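Let's take a friendly walk through this structure together. Have the sequence and the coordinates open as you read.

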Amino acid sequence: MKESTGVSIMPTMNDTQTCCGVEPKNVLADYEKPGYTLCSFIENFIPTDIGPIPKIKTKMEKKDIKATILVRTGIGRDNYKIAPGLYGIGSPDKTSEVLVTANFKLTFDHLRRELNNINAWILVLDTRGVNVWCAAGKGTFSTKELVKRIKLSSLEKVVDHKRVILPQLGATGITAREVKKESGFRVVYGPVRAKDIPLFLENNRKADKKMRMVTFDFIERLILTPVELNVVLKPAIITTVILFLLSGFGPDIFSFSNAIQRGVILIPALFVGIFAGAVFTPAMLPYIPFKKFAAKGIISGSAFAILFLLSLSSIPGTAAYISLFLFVMAISSNLSMNFTGATPFTSPSGVEKEMKQFIPVQVISILLSTGLWIYSAF
Amino acid sequence: MENLRYIDDVSTLVLDQDKCIGCGLCTEVCPHNVFELQNGKAEIVDFNACMECGACVNNCPSNALEVSPGVG
Ligand code: SF4
Ligand code: SF4
């Protein structure tokens, strides 16, 4: 059975027609199908024994770059995927390698951009639009899916050899010997990063130590922060509302003007805590002392809390000072700890250990902070 | 990655060298260079770099490796 790839269902037909006079040249006209629209990253089709296979462009277009920014900032995160199945890049033939990847569009874009001047087949697995690393952990980039996709795309009729190259970070979800047993194809683990693929192929499919190591540099960490911020947005809004209400308690039991007057200090405090834990700690990770992320968060949270308190024009009193300090620090510690989930080097056993240790610290800090905040109103 | 290390002594990684057939697959799939092949057997050379991803365990053909995150 052959799948239709390189096309996606077209929801509407409201495109305005601009060309009437000259008949436009459309090399892809033969591949159009009613109800489908050709993806913009397809430049042509490659004839094979099992029919035409879509050929991918290696160049990113404005549209791709714009979409990448939207996804990275957390605005268009969901559903940014392409159809799974077999694609080609360059002019692949029966001897060309088969590179396996996930159907998250950013992963796919990242891969094709690095494959200039390479002739290869690209087998895209259905990982529900999730990148290779996360999908391998979640079990969608799996032995089962790989075997299924090899069969669905009739790979054995497209290439003469019996070899598929997988991104190394997919190994968590794959058992190479089972793939071989069930599909006949041997799994070769390629490098961690797509940019090393050309060299890997040149060296007869050998990766050196450096190609096999994950990295987590400043840019890689920074790229993840908008998503972290996006995740805290909703709880932050709810917290703000609660903070306003808490700020209303005082000698007159509850007063709205009190709420506004005192609440306005808490909101910047909340954002300082969020910045310290979800942006500063991730970005400066290797430079902040301690190995436990929650401890790193206490350091960055304390530093930012002090800066924040120094910047206050009116002095709210000692109890309020301590309350604000604890508040910023606890938020930062908690969000820093959350960042363990986004890194490629923290072990679940380690995360569990620090959660057991630091969640109590964070909860007690928040309770103390709340108590002091209410107390400071009297 | 050398300057980014997580907590020591927490990984649940276990290697049974008696079962190891020295295929080297674990040295290929591990993203933290935890293993090295020495005299035809895998050796754990950087235990504390292990992030318990399970890549080595899944791919070891002789069940010589084990990792059990979330237990204990
Ligand atoms: S579990 Fe992952 S990080 Fe740990 S040794 Fe195995 S492959 Fe390496
Ligand atoms: S994958 Fe298993 S058998 Fe192969 S070298 Fe590693 S421990 Fe030994």
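What follows covers the salt bridges first and then the ligand shell.

Please keep in mind that this is a predicted model. Over all chains, the count comes to 18 salt bridges. Three of them, from chain A, are set out here.

| Salt bridge | Closest N and O atoms |
|---|---|
| A:K55 with A:E43 | 3.7 Å |
| A:D109 with A:R112 | 2.8 Å |
| A:D196 with A:K195 | 3.8 Å |

Start with A:K55 and A:E43, which form a salt bridge. A:K55 sits in strand β4 (residues 53-56) of chain A and A:E43 in strand β3 (residues 42-46), so this pair ties together parts that are twelve residues apart in sequence. A:E43 is partly exposed, at 37% relative accessibility.

The partners A:D109 and A:R112 both belong to helix α2 (residues 105-113) of chain A; because they are three residues apart, about one helical turn separates them. Are they buried or exposed? A:D109 is buried at 2% relative accessibility, and A:R112 is buried at 1%. These two also take part in a network of salt bridges that links them with A:D64 and A:K105.

In the pair A:D196 and A:K195, the aspartate A:D196 is buried, with a relative accessible area of 12%, whereas A:K195 is exposed at 52%.

Now to chain B: which residues surround ligand 1? Among them are B:L13, B:P31, B:V34, B:F35 and B:M51, along with the cysteines B:C30, B:C50, B:C53 and B:C56. By class, the shell around ligand 1 divides into ten nonpolar residues, one polar and one charged. B:E52 is the charged one, because Glu counts as charged.

Definitions and conventions. Residues are numbered from 1 along each chain as its sequence is written. Chains are lettered from A and ligands numbered from 1 in the order in which they are written. This is a predicted model: local features need pLDDT of at least 70, side-chain atom pairs count only at pLDDT 80 or more; totals for chains, interfaces and linings use all residues. Side-chain values use heavy atoms; hydrogens and water are left out. A residue is near a molecule or strand if one of its heavy atoms lies within 4 Å of it. A salt bridge is a side-chain nitrogen of Lys or Arg within 4 Å of a carboxyl oxygen of Asp or Glu. Helices (H or I, at least four residues) and strands (E, at least two) are DSSP runs, numbered from the N terminus. Buried means under 20% relative accessible area, exposed over 50%, partly exposed in between (1.4 Å probe, protein chains only).
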